[in-house]
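Student: Hi! I have this model open and would like to walk through a few strands with you. Shall we start?

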Amino acid sequence: MRRRLILTLLSIVVLAYGGFAAVMLTGTEPALGLDLQGGISVTQRVKPGTEYSDASLALAVERIRDRVDSLGVAEPEILSQGDTIVVNLPGVKNQQQAVDLVQVTGRVLLRPVIGDCQEVTPQEPTDSTDVPSDSTTPSSGSTDTTVPAPSTTVAPSTTASTDTTVAPSTTGAPGPSRSITATDTTVPLLGAAPTSVADTTTTAAATTTTADSTTTTTTTSDSTGTTTTTEPPVLDENGIPVQESDPYGQQYLQVKGTNVYCPVGPAWNPDGADPIEGSGEVFTDNAVAAVLDTGWGVTVDLNDGNGGRSTWNEIASACYNQTDQCPSGQLAIELDGIIQSNPSMNEPFFSGGVQISGQFTQAEASALAEVINSGSLPVQLKLEAVQSVSPSLGEGSLRAALLSGLAGVLLVLLFMIAYYRLLGLIVAIGLTVSGTLIYAVVSLLSRTQGLALSLSGIAGIIVSVGVTVDSYVVFFERLKDEVKSGKTMRNSAQRGFTNAWRAIVVADLVSLLGALVLWYLTVGAVRGFAFFLGLSTLTDMLVAYTFTRPTVLLLSRTTWMERRKVMGIEAATAGGTA
Amino acid sequence: MSTDVDDTIQHEPAVRSRRGPLGRLYHGETAIDFYGRRWIGISASILLLVVTVVSLFASGLNLSLDFKGGVVWEIPTETLTQDRAREILEENGIDSSNAKVQELISQDTGARSLEVQVGDQPDELRQQVQRAFAEEVGVVAEDVSTNSVSSTWGRSITSKALRALVVFMVLVALFISWRLEWEMAFAAIVAMVHDVAISVGVYSLFGFEVTPATVVAFLTILGFSLYDTIVVFDKVKENEGRYSGSRVPYADVLNVSMNQVLMRSLNTSLAAVLPVLSLLVLGSGVLGAVTLREFALALLVGLLTGSYSSVFIASPLVAMVKERQPRFKTLRGRHATGPELERLVHGGLPSARREGVRSRPVDEAAASGAELSPAEVLTHTPRPRKKRRRA
């Protein structure tokens, strides 16, 4: 029994102080919330009455995260709950920029690639006199490494027609690529790098291998040497390529996961329909990553409703025949300004299923399948709130909260020591145990889960001091009762704790219940508060059982504790020692 | 256990009477008849509730942008007048009659700025007006900070908060019914509603702005008030079990329990109020953090009503409900006061004046056992030795 008590006590102290020391040594600190740092908070919600799938919402969050990360915002906080996405951008001042950044459409667009893709490495902008030209001088194979070339193909999954003719006509003709640069003035001049990137071949599944290899070799030789890096297509003030999608015009768009930019035409919409025909809605949402002949790929069915299949076949025929609308024969699948894949069309007609094959890894194939699924039922977000928090207020608030919080806790401790004497000291030590434990957990979650400590969180913790202290008070008052009724100190401590523990558990469970309800049913600041309430309640129970109990029980066995003065009970009241 | 008896015989009221009120409080020797004075607390609460309702109808609540929805522009300017700001609104096609325009002077720098608040506007219009203001005072558009919340969003966070509150109350009621008693669940919920109502009343009466921080603070308080109430109820439940053998009015059980946990309640409330006072006085008063003031104010209001309601609302309510039940009905109106209550608080057994209604021989035995230690008397008949914990 005694050994177990000591062991429990040691573990919790080591856990708390050790965790604290570890967090301190590794320099992990709790991230500060928006109200403490200043910045901009943007809230979006799914348009009421529109259909969406959880997957498409999750993907929207993922997209927002990508975009926010690309901006280099330190410690962005992206919270999604139910149909709401809150993005907190600490340190960001330009409101419009923030709003643009987080407004993702979730719309997947089918846009023909109309020229050669370019490798653009972010470098000092060189003299951009090289007009995009057909790459002619094969030079070092340096581009081979820079250009990840999952050669992708689209093939009808149902027809097993071995269409060997599908010579991947991926290498874009010089003409179109020049014309883009000419017409689209926003696109800076680029060295022409034929689309080795996601080089796209449309072959029937059976023949892709050969077709692929051809493509790859062709493009590689082509692209080498032409990767004259100039500045990216359009840069914002942070040097990040602008990724705003313009579905009605020609533009350069980045290929996912690369520094390659492809010129794409307007989203397929010959009839000028609204919404745009050539969207992810031509597919059903049954896209899955599957092992095809050439390795991992994606299979998906066409959507019979809404003219999905006929739209797709129009595109397929245009690209297969490399008409003016789709001169490269490749089709870009775009999501929010990023080309997810740009396979070339291997078949002019698809009856039901579509295969996208190429040198995918399993993860890449799954990601593409997810994109296609979300595009089949895109989530429509509505801007609900934009709020900027002035950072100067934040700084002042933080200092004030910390100082006054510490002062308050100190007052409480003084009161406890005055009232309970030695037992008050136990409260003081216990509070440091709880405090370090909470700090370590918050720091850890802040690093791993992106949890940010907000003002309401800090205040919640300070207030929870009251609850924590109460656990001690309940215990000590019980202890006094037991002692007064004439029990030995040892028995009193044991019984007092058993009784107090019951009250503590009931009361704490109610707090925990509250925290859970708030966590699941509210958004924003209240939710952050709920987290800290739950955390401090759990800590309270843990510390009461593993720190306070063993400490008092162990002390109660010493003769020293028999001098009742140490706990603020007069010996006369308590009767003689038993 | 029998060895303890001799040591504790000195527990008699006479010994205690030499202490002053504070001393008695410190040593847990109070004998306040909470139940007998229940109408004082209940009347006070009813009065406060009436004030709340009147105030709500008269002036309503000063809800912040987050709940109402709308747009706020904050324009850093020394010269722009309020009238000119309204004109700019009109120029952009916004009805300025409902606009709220006020001057703000920064506490840190003394810089003046103008805050213009109107109802929900489309995003494009918000930016257009932002540019117009910026042009007017000659700054770049980004220097005019704006906040906007759509009214649907404002409604939805309000309804979400309310829904959370209702779900919470239902769950708490179920939980207390399960762990304690349904009567206690009822009383705890009434006390909680009471706390919310009074806090809302204070905010309405003084026109304080209700922000999300306020809501968070209220929720903290609800949790805390409930916590407080439950600790009291836990003691009541325990004492009810102790007295189950003898026929004691529920009011006595309650009074005894309340006096026994009084010190704990006071200590806990003090421990909770101290940090909040520190936030309010030091944090927002001396250090000037406005956000903290809203927060601390709500906390303080809530803490005070919370502590008050667990003692003066929740507990008497339990007794009043309980007394209507058959088990306690016959004993209504016969609760102990004064020295008799004091004796009970310190573990004395029910006095002989209720001998007539006592029916079980066990109780008779216990009643005559004046030499028994209070601890033993309070519990049931002595348990068989083998079941006892080692002493």
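Student: Which residues point one way from β13(A), and which the other way?

Tutor: Happy to help, and do keep in mind that this is a predicted model. On one side of β13(A) you have Leu331(A), Ile333(A) and Leu335(A), while Ala332(A) and Glu334(A) point the other way. In a regular strand, side chains alternate between the two faces of the sheet.

Student: Are those residues buried or exposed?

Tutor: All of them are buried, on either side. Put as a count, 5 of the 5 residues of β13(A), which spans residues 331-335, are buried, and the strand is described as mostly covered.

Student: OK, what does β13(A) pair with?

Tutor: Strand β5 of chain A, residues 108-112, runs antiparallel to β13(A) and is joined to it by 5 bridges. Strand β14 of chain A, residues 338-341, also pairs with β13(A) in the antiparallel sense, over 3 bridges.

Student: Where does Glu334(A) fit in?

Tutor: Glu334(A) is the bridge partner of Leu109(A), and it stands opposite Ile339(A) in β14(A). Leu335(A), in turn, faces Ile338(A) of β14(A).

Student: How many residues lie between β13(A) and β14(A)?

Tutor: There are 2, and the two strands form a hairpin. In the turn, Asp336(A) has a positive phi of about 50 degrees.

Student: What is the strand order of the whole sheet?

Tutor: It goes β5-β13-β14-β9-β10-β6 in chain A, an open sheet of 6 strands with mixed pairing. β5 and β6 (118-119) of chain A each have a single partner strand, so one side of each is left without a neighbour in the sheet.

Student: Switching topic: which strands make up the open sheet of 8 strands?

Tutor: That one draws on both chains, in the order β3(A)-β4(A)-β2(A)-β17(A)-β5(B)-β2(B)-β4(B)-β3(B), and its pairing is antiparallel. The edges are β3 (77-81) of chain A and β3 (100-105) of chain B, each pairing on one side only. On average, neighbouring strands are turned by 20 degrees against each other, direction ignored.

Student: Which helix packs on it?

Tutor: Helix α4 of chain A, residues 95-102. It touches β2, β4 and β17 (381-389) of chain A as well as β5 (145-149) of chain B, and its direction makes about 35 degrees with that of β2(A).

Student: Back to β4(A): why is it largely enclosed by the rest of the structure?

Tutor: Because 7 of its 7 residues are buried. Thr84(A), Val86(A), Asn88(A) and Pro90(A) cover one side, with Ile85(A), Val87(A) and Leu89(A) on the other.

Student: And how many bridges join β4(A) to β2(A) and to β3(A)?

Tutor: Strand β2(A), residues 39-46, is joined to β4(A), residues 84-90, by 7 bridges, and β3(A) is joined to β4(A) by 5. Both pairs run antiparallel.

Student: What stands opposite what there?

Tutor: From β2(A), Val42(A) stands opposite Val87(A), and Gly39(A) stands opposite Pro90(A). From β3(A), Ile78(A) has Val87(A) as its bridge partner. β3(A) and β4(A) also form a hairpin with 2 residues between them, and Gly82(A) in that turn has a positive phi of about 60 degrees.

Student: I also clicked on Leu453(A). Why does it count as buried?

Tutor: Leu453(A) has 24 other C-beta atoms within 10 Å, and the cut-off is 20 or more, so it counts as buried. Leu453(A) sits in strand β18 of chain A, residues 452-453.

Student: What is Leu453(A) in contact with, beyond its neighbours within four places in sequence?

Tutor: Its contacts are Pro30(A), Ala31(A), Leu32(A), Gly33(A), Val442(A), Ser446(A) and Ile458(A). As for Ser443(A), that residue is 10 residues away from Leu453(A) in sequence and 9.2 Å away in space, C-alpha to C-alpha.

Student: Last one: how many residues does the largest nonpolar core have?

Tutor: It has 203, and the residues with the most contacts inside it are Cys262(A), Val298(A), Ile372(A), Ala188(B), Leu254(B) and Val276(B). A second, separate core of 15 residues includes Ile75(B), Val101(B), Val116(B) and Phe133(B).

Notes:
Residues are numbered from 1 along each chain as its sequence is written. Chains are lettered from A and ligands numbered from 1 in the order in which they are written. This is a predicted model: local features need pLDDT of at least 70, side-chain atom pairs count only at pLDDT 80 or more; totals for chains, interfaces and linings use all residues. A nonpolar core is a set of buried Ala, Val, Leu, Ile, Met, Phe, Trp, Tyr and Cys residues joined through C-beta atoms within 7 Å. A residue is buried if 20 or more other C-beta atoms lie within 10 Å of its own, exposed if 12 or fewer, and partly exposed in between; C-beta atoms are placed from the backbone. Two strands pair if DSSP finds at least two bridges between them. Helices (H or I, at least four residues) and strands (E, at least two) are DSSP runs, numbered from the N terminus. Axes are lines fitted to C-alpha atoms, for helices over the stretch in contact, and angles run from 0 to 180 degrees between N-to-C directions. Two residues are in contact if their C-beta atoms, placed from the backbone, lie within 7 Å.
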